[in-house]
2 protein chains.
Amino acid sequence: MNKNFPERNHDHGASIESALEQAEALCRERGARLTPLRRRVLEIIQESHAPLGAYDVLQRMNADGERNAPPTVYRALDFLLKHGLIHRIESQKAFVGCAMAADAHDALFLICRDSGSVAETHSQEIGEAIEASATRAGFLVEMPVMEISGRCQECHEDE
Amino acid sequence: MNKNFPERNHDHGASIESALEQAEALCRERGARLTPLRRRVLEIIQESHAPLGAYDVLQRMNADGERNAPPTVYRALDFLLKHGLIHRIESQKAFVGCAMAADAHDALFLICRDSGSVAETHSQEIGEAIEASATRAGFLVEMPVMEISGRCQECHEDE
DNA sequence: TTCATATTGTTATATTATATCATTACAATT
DNA sequence: AATTGTAATGATATAATATAACAATATGAA
């Protein structure tokens, strides 16, 4: 079984717990405030296997009758993005939890067009190749966006 | 001078001409119809050095008093995308002309955060690195999106 | 011509995102 | 504790991006 795509029945609850704890630790270190609101947004995103749009998050926040408005969600998302706790999948206008918030890193997202799952991978090789290519063009890399859409193992192995 | 970022005063008009001719040839080959409307949209996008949003294109189409509506533009954009005549820059919700529509290819976009210019580059190395990384994850690559934001040579060389 | 299909026109609306200003919470200092 | 500056949230409105649905027209093949 490959490690990049989570198993269907792993203990998701526990991994969310620990991800949230890590997030809190990280914010504490940085003097950033992971308020209940922001924590809740992070939790909602972590809970989902597939990327969530801002309005999906909003719906979940308001499922119990609360009346949060779009700016509230977008602000929380901005905070989480800024601190690397979530990523934005540009090609889907959606957000996913970050697999390794602690380290600065460039991520390659493998987005399955069938199941919608998103795996975050990291490859020094790709980073270097991009750096090399950009340098040849006289370009200073600041923020790579790498999103590969295709099909994950589960979705293509039985064909 | 590097070839990836076009010079300020190259003969843009002529290169648009030839790009349009190429596009027509390509569509003819494929039995696709580059109608006046679609051709116009392509032309508008080619004319611009920076990526254009759909509504930017619309504005230019209607500058003379025409009354085209959003669906008209989006349809033309879809057609041009499908035939590889333009690319969509996901991280900017915007469109740029394709530098080499004739061949299927994966492009790496170098997007300058200062000038807004976008250079399209190609690197087998990157393609291979991505393929390798995806394969390790059991993933079948279909559509890579690679958009690097940073600073182009012109914008950082005098610092 | 006649038919089937592709393209364009038109209206309405969905979806995503932000501007703006008011209010409240926080936390550092006196 | 009162003061004050800043950060965070609340609330309303609206901007910007994108698509649904259906009507009308054009095009090419039989």
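Five residues come nearest to DNA strand C: Pro70(A), Thr35(B), Leu37(B), Ala69(B) and Pro71(B). They belong to a set of 18 residues around that strand. The model is predicted. Chain A can be laid on chain B by a turn of 180 degrees.

**The surface near DNA strand C**

- Chain A contributes through helix H3 (54-61) and helix H4 (70-82), each with at least two residues.
- Chain B contributes through helix H2 (36-47) and helix H4 (70-82), again with at least two residues each.
- H4(B) gives the largest share, four residues.
- Nine residues of this surface are nonpolar.
- Five are charged, and four are polar.

**How the two chains are related**

- Chain A fits on chain B with an RMSD of 0.0 Å, after a turn of 180 degrees and a shift of 0.0 Å along the axis.
- That is the relation of a two-fold axis.
- Among the residues of chain A, Met146(A) comes closest to the rotation axis. Its C-alpha lies at 2.3 Å.
- The copies meet through the same surface, because 100% of the interface residues of chain A are also interface residues in chain B.

**Helix H1 of chain B**

- Helix H1 of chain B covers residues 12-30, which makes 19 residues.
- At 1.5 Å a residue, helix H1 of chain B should span 27 Å.
- The end C-alpha atoms of this helix are 27 Å apart, so the expected span and the model agree.
- Gly31(B) follows H1(B). The phi of Gly31(B) is positive, near 70 degrees.

Methods. Residues numbered from 1 in each chain as written. Chains lettered and ligands numbered in written order. Predicted model: local features only at pLDDT ≥ 70, side-chain atom pairs only at ≥ 80, totals over all residues. Near = placed C-beta within 6 Å. Nonpolar A, V, L, I, M, F, W, Y, C, P; charged D, E, K, R; others polar. Expected span 1.5 Å × (residues − 1). Least-squares fit on C-alpha atoms with pLDDT ≥ 70 in both. Contact = placed C-beta atoms within 7 Å.
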